[in-house]
Number of protein chains: 2
Amino acid sequence: MASPATRAVRSDGIRSREAILRAAASFASMHGLEELSLGELAAEVGISKSGLYAHFGSKEDLQLATIATATAIFEEVVLVPARRVPPGRDGLVALSDAFCEHIRDRVFPGGCFFDTVAADLVAHPGPVRDAVTDFLRGWRALIREHIRVAAERGELAPGEDLEQLEFDLIAYLSLAHALFRIDGDERVIDRAERAVRQRLGVSLDTAPGTPKRRVAVRRH
Amino acid sequence: MASPATRAVRSDGIRSREAILRAAASFASMHGLEELSLGELAAEVGISKSGLYAHFGSKEDLQLATIATATAIFEEVVLVPARRVPPGRDGLVALSDAFCEHIRDRVFPGGCFFDTVAADLVAHPGPVRDAVTDFLRGWRALIREHIRVAAERGELAPGEDLEQLEFDLIAYLSLAHALFRIDGDERVIDRAERAVRQRLGVSLDTAPGTPKRRVAVRRH
DNA sequence: CCTACCGATCGGTAGG
DNA sequence: CCTACCGATCGGTAGG
């Protein structure tokens with residue numbers, strides 16, 4: 001009952017919980033959160049199915065925790081790096097590049113975790129779906145905010161329809177995810193990066209203020 | 001054993017088969033072809049589960065037949081009407097409008113049948129997935145062919161990257177499907193129609209050669 | 001974390 | 001088209 005032993009046990013528990021959630025996030029990025037089976041997941045991480053219930057009270061608990069894990073990963077590999085570039089037109093390009101790179105690097109094996117699970121959850125209302133749509137709403141709001149700043153700074157074409165621009169940019173990034181998922185062809189990701197630049201009137205070679213950073217490839 | 005009796009029985013069988021397939025196509029446009037459950041489907045059309053096996057030898061048979069039905073519906077409500085406009089830039093606008101209208105009209109309650117089931121099937125290789133990706137390849141090839149003709153006729157901006165144009169147009173239409181599915185907000189469909197026109201340099205009011213036709217709303 | 005179990009549902013079959 | 005069933009798997013629980 002010494003403190004170190006207790007800490008070791010708890011540490012193992014946390015490690016195990018994290019291993020489960022990383023596996024769940026990977027699986028869900030391929031198959032969706034609805035198709036996530038507790039039996040399959042348990043087998044993959046090497047514990048019994050009811051062992052999962054030591055960590056999560058229900059499938060819904062696990063789904064929500066998986067979304068939190070995926071959010072943290074997305075934050076780390078997309079949002080934080082992109083924040084090195086100030087908001088506005090260059091910020092949009094940086095965000096687009098970081099997003100595209102996280103798909104190319106297969107941070108989640110199924111492409112964009114949130115696009116995959118959103119499609120899966122449309123027909124299943126509830127707190128899990130709400131958590132996912134909340135994230136996607138935030139993602140779109142971030143892009144909208146960049147556009148607002150870009151317009152304020154006169155970085156956009158005069159008379160640009162801001163809502164239309166938002167739609168177009170999200171369309172390019174979403175299709176990069178969808179086609180890469182189906183074909184596994186990296187060229188569609190290049191297409192998306194180019195589409196964003198072209199739509200913003202940014203040079204196709206190297207975007208100013210967007211140093212070509214190669215984020216450390218981290219498989220989760 | 002008279003010929004009329006035989007014909008009547010067969011006719012009922014065909015009617016029933018068609019009713020099953022229409023229900024299956026509707027269900028799959030919401031939930032995907034993988035989540036399609038034979039028990040649920042049977043209950044919805046009012047027969048027993050094993051009654052389905054009188055019409056289809058296996059779930060895969062049913063899935064393939066459902067794809068064929070959805071293809072026929074898509075052909076009828078999107079491709080045929082769009083063919084009234086000659087290929088090229090105007091043909092692209094007509095195709096885009098017809099596609100958008102079939103989403104707006106909820107011909108399939110889940111939006112674009114093929115986009116939904118493709119997302120569902122990515123993780124399930126086999127003949128069913130192949131049939132869906134074949135359809136989508138054909139859809140993209142049709143758009144590509146329109147673009148080729150438009151370029152040939154000098155209807156596009158000089159130096160236009162045709163592959164990039166194809167990517168962009170498909171991105172707009174796919175996002176119309178995805179966002180309408182999630183939000184049910186018709187404005188995203190308007191956004192897609194506008195994005196296509198803008199990208200093609202066509203007037204946003206009324207596209208020349210594209211009479212605003214309201215296709216008869218047919219619920220399948 | 002485990003074994004052992006629950007009722008429900010899955011795709012599919014036997015036999016009519 | 002039906003009833004009656006099959007083995008497998010689902011999410012979840014009891015009890016340790």
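Which residues does A:L38 touch, not counting residues up to four places away in sequence? I looked this up in the predicted model and found A:K49, A:L52, A:Y53, A:K59 and A:L62.

**Entry 1: A:L38**

I placed A:L38 in helix 2 of chain A. I then asked whether A:L38 is buried or exposed. Its relative accessible area is 12%, and because buried means under 20%, I recorded A:L38 as buried. I also checked A:L38 against A:S48: the two are 10 residues apart in sequence, and their C-alpha atoms are 9.4 Å apart in space.

**Entry 2: surroundings of DNA strand C**

I counted 17 residues around DNA strand C. The closest are A:S16, A:S48, A:S50 and A:A54 from chain A, together with B:K59 from chain B. Of the atoms of DNA strand C that come within 4 Å of the protein, sugar and phosphate make up 50%.

I next sorted the surface near DNA strand C by class and noted 9 polar, 5 nonpolar and 3 charged residues. Three helices each supply at least two residues of this surface: helix 3 (49–52) of chain A, and helix 2 (38–45) and helix 3 (49–52) of chain B. Helix 2 of chain B gives the most, with 3 residues.

**Entry 3: polar contacts to DNA strand C**

I looked at individual atoms. A polar backbone atom of B:L38 is 3.0 Å from a phosphate oxygen of DNA strand C, and for a polar backbone atom of B:L36 the distance to a phosphate oxygen of this strand is 3.2 Å. B:K49 reaches a base: one of its polar side-chain atoms lies 2.7 Å from a base nitrogen of DNA strand C.

**Entry 4: surroundings of DNA strand D**

How many residues surround DNA strand D? I found 16, the closest being A:K59, B:S16, B:S48, B:S50 and B:A54. Sugar and phosphate account for 48% of the atoms of DNA strand D that come within 4 Å of the protein. By class, I noted 9 polar, 5 nonpolar and 2 charged residues in the surface near DNA strand D.

**Entry 5: polar contacts to DNA strand D**

I examined three serines of chain B. An N or O atom in the side chain of B:S16 is 2.6 Å from a phosphate oxygen of DNA strand D. For B:S48, a polar side-chain atom lies 2.5 Å from a phosphate oxygen of the strand. B:S50 has a polar side-chain atom 2.6 Å from a base oxygen of DNA strand D. Finally, I listed the elements that give two or more residues to the surface near DNA strand D: helix 2 (38–45) and helix 3 of chain A, and helix 3 of chain B.

Definitions and conventions
Residues are numbered from 1 along each chain as its sequence is written. Chains are lettered from A and ligands numbered from 1 in the order in which they are written. This is a predicted model: local features need pLDDT of at least 70, side-chain atom pairs count only at pLDDT 80 or more; totals for chains, interfaces and linings use all residues. Side-chain values use heavy atoms; hydrogens and water are left out. A residue is near a molecule or strand if one of its heavy atoms lies within 4 Å of it. A polar contact is a pair of N or O atoms within 3.5 Å; within protein, one must be able to donate a hydrogen and the other to accept it, and residues adjacent in sequence count only if both atoms are side-chain atoms. Helices (H or I, at least four residues) and strands (E, at least two) are DSSP runs, numbered from the N terminus. Ala, Val, Leu, Ile, Met, Phe, Trp, Tyr, Cys and Pro count as nonpolar, Asp, Glu, Lys and Arg as charged, and the others, Gly among them, as polar. Buried means under 20% relative accessible area, exposed over 50%, partly exposed in between (1.4 Å probe, protein chains only). Contact means heavy atoms within 4.5 Å.
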